Amino acid sequence: MQNLALPLPPALGPAAHGLRPDVDWSAVARDLQGLHLVTDEPARRRLSRDFHWYSPILAGQLRDCVADLVVKPSTEDDLLRVAAVAARHRAPLTVRGAGTGNYGQCVPLAGGLVVDTTEMMRVLDLQPGRMRVQGGARLHDMEMAARETRQMLRMWPSTWRVATIAGFIAGGFGGVGSTAHGVLRDRGNLIACRVVTVDDEPRVITLQGDEIQKVHHAYGTNGLIAEVELALSPAIDWVHAVVLFPHYRQVLDAAIAAGRPGLHSFLLSAVDRRFAPYYGPLRDHFPGDRHALFAMVAPGSLADFRGVVAAHGGEVALAMDEAALEGAALPPAHECAYNHTTLQVLRADRSWTYLQVAYPQPFDPAIVERQMARWGDEVWQHQEFARMHGESATFAILLVKWRGAERQYALMREIEADGCTVFDPHVVTIEDGGMKAIDDSQIAFKRLADPMGLMNPGKTRGWHPGMARAAR
Ligand SMILES: Cc1cc2nc3c(=O)[nH]c(=O)nc-3n(C[C@H](O)[C@H](O)[C@H](O)COP(=O)(O)OP(=O)(O)OC[C@H]3O[C@@H](n4cnc5c(N)ncnc54)[C@H](O)[C@@H]3O)c2cc1C
């Protein structure tokens, strides 16, 4: 447990990171001629943003961070060329996918070159049990390609329509599918990736299996992920369900019961009834008089699931496969879960923010009941049920009324005092947010993949300017 106190604002600008403040950007642009470059200011500003605006603290701190130049490579050879040019000019380089990360993960704190990978989107190979794609491939497109071979992805973030696979690996954790397949880190989900180094003579390093941890959740600080190979599972036509319960405790108990290994689910998400007015298209199925469990269940487990629901006092308000949902113009259950829950409200009302929590296991719903009673309307509840390293895992993405930074950190300390872990969403470094400690293997890999310390400066506490290799 750490004692969460108000953090210092991040250091901004190249000099703050020991980098040259005098890069000649017209010379960089000349050296990148022939590649897709973006130079106009509004587009550079847009491509320097992500979803850090969920945090009023980060929204203020990162407002003026803008790339000097954006490049959109299409191939691994393009990436090698971009890496060489960045190294030659000692230019800060921040790689981005769709920019759906939440913590300013791809916001260039030192300005510099932003490498937008969304044109590296091709499926390269598709075999039984595996798929190989370029790093900028969108999860949704990958899932559609997999389905053509009666297979499916093992997991995706709720931002799957736009999020890229490399962004998910470098910035994400797990998500939809994690009740069945654990998190990205769990063995067997990721097979290999090719990483381009940023150096005078860039090269490609292939990471296999557990070696991928070196770049997983490293915020693009240690190499450009050019290609990813990942595992697929046989396709399942999931039943998307909304189940209503009079009491929140019943939702949590039902989710725990439905999370047992014999019941095949892909999503179990408990959502406080106070979110209901923001779930527009679902108003007939989530009317706000009861709390909801959003679930995706295999057809073969549906009877079992209905039994669990009935045993906990729930009523199935909706149960449809994806085609039926589309026909009825209703969203899939997985776009009502994870941080989409927060998004439904923030789209309409920016007076809220959020906190991320992991509960001790075995999960005790009484903690949530006590917190609900203590916080009243200041905090709305939302829990995700998953598996991690073969065990049950329970997380919350709580919607929190914004009452200033002091109050946010006081709440975080209360949550920690209740024995939970807080993943602070108001900070930009890997360690202050989710990971807590510096991952030495990621820093060792950074010495290989980014020896000059040009990549996404300011995002890891494990690197300081003195560690950069001197210019040759
Ligand atoms: C509404 C909402 C819901 C979300 N739900 C989930 C969820 O369910 N699970 C989850 O884990 N996350 C979730 N997220 C966070 C985010 O959407 C995911 O992590 C997503 O996969 C990020 O992909 P992206 O392409 O947008 O990455 P970006 O935001 O563009 O980048 C994320 C990080 O990856 C790095 N990066 C990107 N491309 C590369 C590359 N080629 N090589 C090296 N590094 C790279 C960037 O530098 C950055 O640090 C959610 C966010 C929002 C706003």
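Reader: Where does Pro362 lie?
Author: Pro362 sits in the loop between β15 (352-358) and α12. Its peptide bond from Gln361 is cis, with omega near -5°. This is a predicted model: local features need pLDDT of at least 70, side-chain atom pairs count only at pLDDT 80 or more, and totals for chains, interfaces and linings use all residues. Residues are numbered from 1 along each chain as its sequence is written, while side-chain values use heavy atoms and leave out hydrogens and water.

Reader: What makes a stretch a helix or a strand?
Author: Both are DSSP runs, numbered from the N terminus: H or I over at least four residues for a helix, E over at least two for a strand. The helix α12 covers residues 365-375.

Reader: How are α8 and α12 placed, parallel or antiparallel?
Author: Their axes come within 10 Å and cross at roughly 160°. Axes are lines fitted to C-alpha atoms, for helices over the stretch in contact, and angles run from 0 to 180 degrees between N-to-C directions. Under 35 degrees is roughly parallel, over 145 roughly antiparallel, 65 to 115 roughly perpendicular, and the rest oblique. So α8 and α12 are roughly antiparallel.

Reader: What angle do α12 and α13 make?
Author: They pack at about 150°, with axes 12 Å apart. That makes α12 roughly antiparallel to α13 as well.

Reader: Which hand is the crossing of α8 and α12, left or right?
Author: Right-handed. That word applies if the near helix is turned clockwise from the far one by less than a right angle; anticlockwise is left-handed. α12 also passes α13 in a right-handed crossing.

Reader: How many residues surround the ligand?
Author: There are 37, and Val95 and Thr164 are among the closest. A residue counts if one of its heavy atoms lies within 4 Å. The largest share of this shell, five residues, comes from α6.

Reader: What makes a pair of atoms a polar contact?
Author: Two N or O atoms must lie within 3.5 Å; within protein, one must be able to donate a hydrogen and the other to accept it, and residues adjacent in sequence count only if both atoms are side-chain atoms. A ligand oxygen is 2.5 Å from a polar backbone atom of Val95. Another value is 2.7 Å, between a polar side-chain atom of Thr164 and an oxygen atom of the ligand. For Phe168, a polar backbone atom is 3.4 Å from a ligand oxygen. These three values fall within the 3.5 Å limit, so each pair passes.
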